[in-house]
Amino acid sequence: MKTIVEKIIQLRNPNFIIDNSLNSRAILQLIWVQFWSFFRGLKVIFLFKNPKGMLLGKRVSFFNISKMKWGKFLRLGNDVYVSAIAKQGIEFGDNVSIGAFSRIIVSTSFNNIGEKIKIGNNVGIGEFAYLGGSGGLEIGDECIVGQYLSCHPENHNYEDLETSIRHQGVNRKGIKIGKNCWIGSKVTILDGVEIGDGCILAAGSVITKSFPDNSIIGGVPAKLLKTRTHEYQSDNTRNVLCRESV
């Protein structure tokens with residue numbers, strides 16, 4: 001039974017191997033949870049969409065699903081909400097996983113709708129993420145992300161002291177995160193930021209400016225802590241980073 005389960009899960013994650021210390025009861029429960037996730041994923045057939053092996057948690061909901069695309073084996077945890085009020089829509093690559101209670105929202109209003117959200121292949125994002133897409137959000141392939149990621153590709157205008165800020169409109173530049181990045185828990189990324197490939201973002205960081213490939217960054221606001229090289233990484237640098245939970 002263990003081998004069969006491994007083979008099925010390896011269709012989504014080729015490197016998956018069940019730990020030898022896991023008992024049979026836990027494996028049976030895993031089968032039960034995955035079966036119902038797969039069954040719930042079939043509901044998109046009634047919305048004229050191909051599920052492509054989609055796995056849905058409980059109470060997952062979509063708004064404007066006609067503007068959404070996804071690859072094979074999209075997995076959305078319990079209570080995830082996806083809203084594609086957008087000019088270009090939302091696109092998920094193959095083997096994308098979004099943790100429970102997350103929100104993937106391009107626009108919160110029908111006025112001046114936003115651009116897009118595009119998530120690459122083999123991306124795992126932890127629980128309670130908020131991914132905004134007003135000015136455009138792109139996350140590259142192979143990224144791993146802890147809980148509570150918050151991306152805000154939009155800012156309010158505020159220069160006019162005689163007019164309420166809420167009535168002054170917004171400006172948008174967009175956010176772009178490169179491939180193979182490791183983002184710790186509770187990271188906030190603000191509008192106009194571009195993160196290069198292979199970067200590491202320390203837990204709790206607030207990212208207000210762009211960084212090149214292979215940067216290790218952290219702080220409020222975030223600054224460059226180190227650049228990844230083939231040299232040995234010190235324990236002090238490792239300690240500021242958060243292990244991902246996806």
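Which residues does Phe-92 touch, not counting residues up to four places away in sequence? In this predicted model, Phe-92 meets Lys-69, Trp-70, Gly-71, Leu-74, Val-82, Ile-98, Ile-104 and Ile-119. With that residue as a starting point, the description can move outward to the chain and then back to its details.

The confidence of the prediction comes first. The mean pLDDT of the chain is 90, and 93% of the residues reach 70 or more. Residues 242-246 have a pLDDT below 50, and this stretch has 15 contacts in the model beyond near neighbours in sequence. Where pLDDT is low, predicted coordinates should not be read in detail.

The secondary structure of the chain consists of three helices and 24 strands. The radius of gyration is 19 Å, close to the 18 Å given by the globule rule for 246 residues, so the chain is as compact as a globular protein of that length. Along the principal axes, the C-alpha atoms fill a box of roughly 65 × 50 × 25 Å. Of the 246 residues, 42% count as buried. The accessible surface comes to about 13800 Å², and carbon and sulfur atoms account for 54% of this area. Among contacts between residues at least 6 apart in sequence, 29% join residues that are at least 24 apart.

Two open sheets can be followed through the chain. One has nine strands in the order β1-β4-β7-β10-β13-β18-β21-β23-β24, and its pairing is mixed. At its edges stand β1 (55-56) and β24 (222-227); each has a single partner strand, so one side of each is left without a neighbour in the sheet. At the β1 edge, β1 pairs with β4 (residues 75-76) in the parallel sense over two bridges. Leu-55 has Arg-75 of β4 as its bridge partner.

The other open sheet has seven strands, in the order β2-β5-β8-β11-β14-β19-β22, and the pairing is parallel. Here the edges are β2 (61-63) and β22 (206-207), each with a single partner strand, so one side of each lacks a neighbour in the sheet. Within this order, β8 (residues 103-105) and β11 (residues 130-132) run parallel and are joined by three bridges. The bridge partner of Ile-104 in β11 is Leu-131.

What lies inside? The largest nonpolar core has 46 residues, and those touching the most other members are Phe-62, Phe-92, Ile-119, Leu-131, Ile-189, Ile-195 and Ile-207. At least two residues of this core come from each of β3 (68-70), β6 (86-92), β9 (114-119), β12 (137-139) and β17 (175-177). The strand that gives the most is β6, with three residues. As a general background, nonpolar side chains in soluble globular proteins tend to be buried together.

Ile-207 offers a closer look at one of these core residues. Ile-207 lies in strand β22 and, at 0% relative accessibility, counts as buried. Beyond four places in sequence, the contacts of Ile-207 are Val-187, Thr-188, Ile-189, Leu-190, Val-193, Ile-195, Leu-201, Ile-217 and Ala-222. Ile-207 and Ile-183 are 24 residues apart in sequence, and their C-alpha atoms are 11 Å apart in space.

One of those contacts, Thr-188, belongs to strand β19 (residues 188-190). Is Thr-188 buried or partly exposed? Its relative accessible area is 22%, so Thr-188 is partly exposed; the cut-off for buried is under 20%. Setting aside residues up to four places away, Thr-188 touches Ser-150, His-152, Ser-205, Val-206 and Ile-207. From C-alpha to C-alpha, Thr-188 is 7.4 Å from Gly-204, and the two are 16 residues apart in sequence.

Ser-150 sits in strand β14 (residues 150-152). With a relative accessible area of 14%, Ser-150 is buried. Apart from neighbours within four places in sequence, Ser-150 is in contact with Tyr-130, Val-187, Thr-188 and Ile-189.

Finally, a loop residue can be considered. Asp-79 is found in the loop between β4 and β5 (81-83). Asp-79 counts as buried because its relative accessibility is 17%. Not counting residues up to four places away in sequence, Asp-79 touches Lys-58, Arg-59, Val-60, Phe-101, Ser-102 and Arg-103.

Technical notes
Residues are numbered from 1 along each chain as its sequence is written. This is a predicted model: local features need pLDDT of at least 70, side-chain atom pairs count only at pLDDT 80 or more; totals for chains, interfaces and linings use all residues. Side-chain values use heavy atoms; hydrogens and water are left out. A nonpolar core is a set of buried Ala, Val, Leu, Ile, Met, Phe, Trp, Tyr and Cys residues joined through side-chain atoms within 4.5 Å. Buried means under 20% relative accessible area, exposed over 50%, partly exposed in between (1.4 Å probe, protein chains only). Helices (H or I, at least four residues) and strands (E, at least two) are DSSP runs, numbered from the N terminus. Contact means heavy atoms within 4.5 Å. Two strands pair if DSSP finds at least two bridges between them. pLDDT is the predictor's confidence in each residue, from 0 to 100. The radius of gyration is taken over C-alpha atoms; the globule rule is 2.2 Å times the number of residues to the power 0.38. Accessible areas come from the Shrake-Rupley method with a 1.4 Å probe; for residues, only the protein chains shown count as cover.
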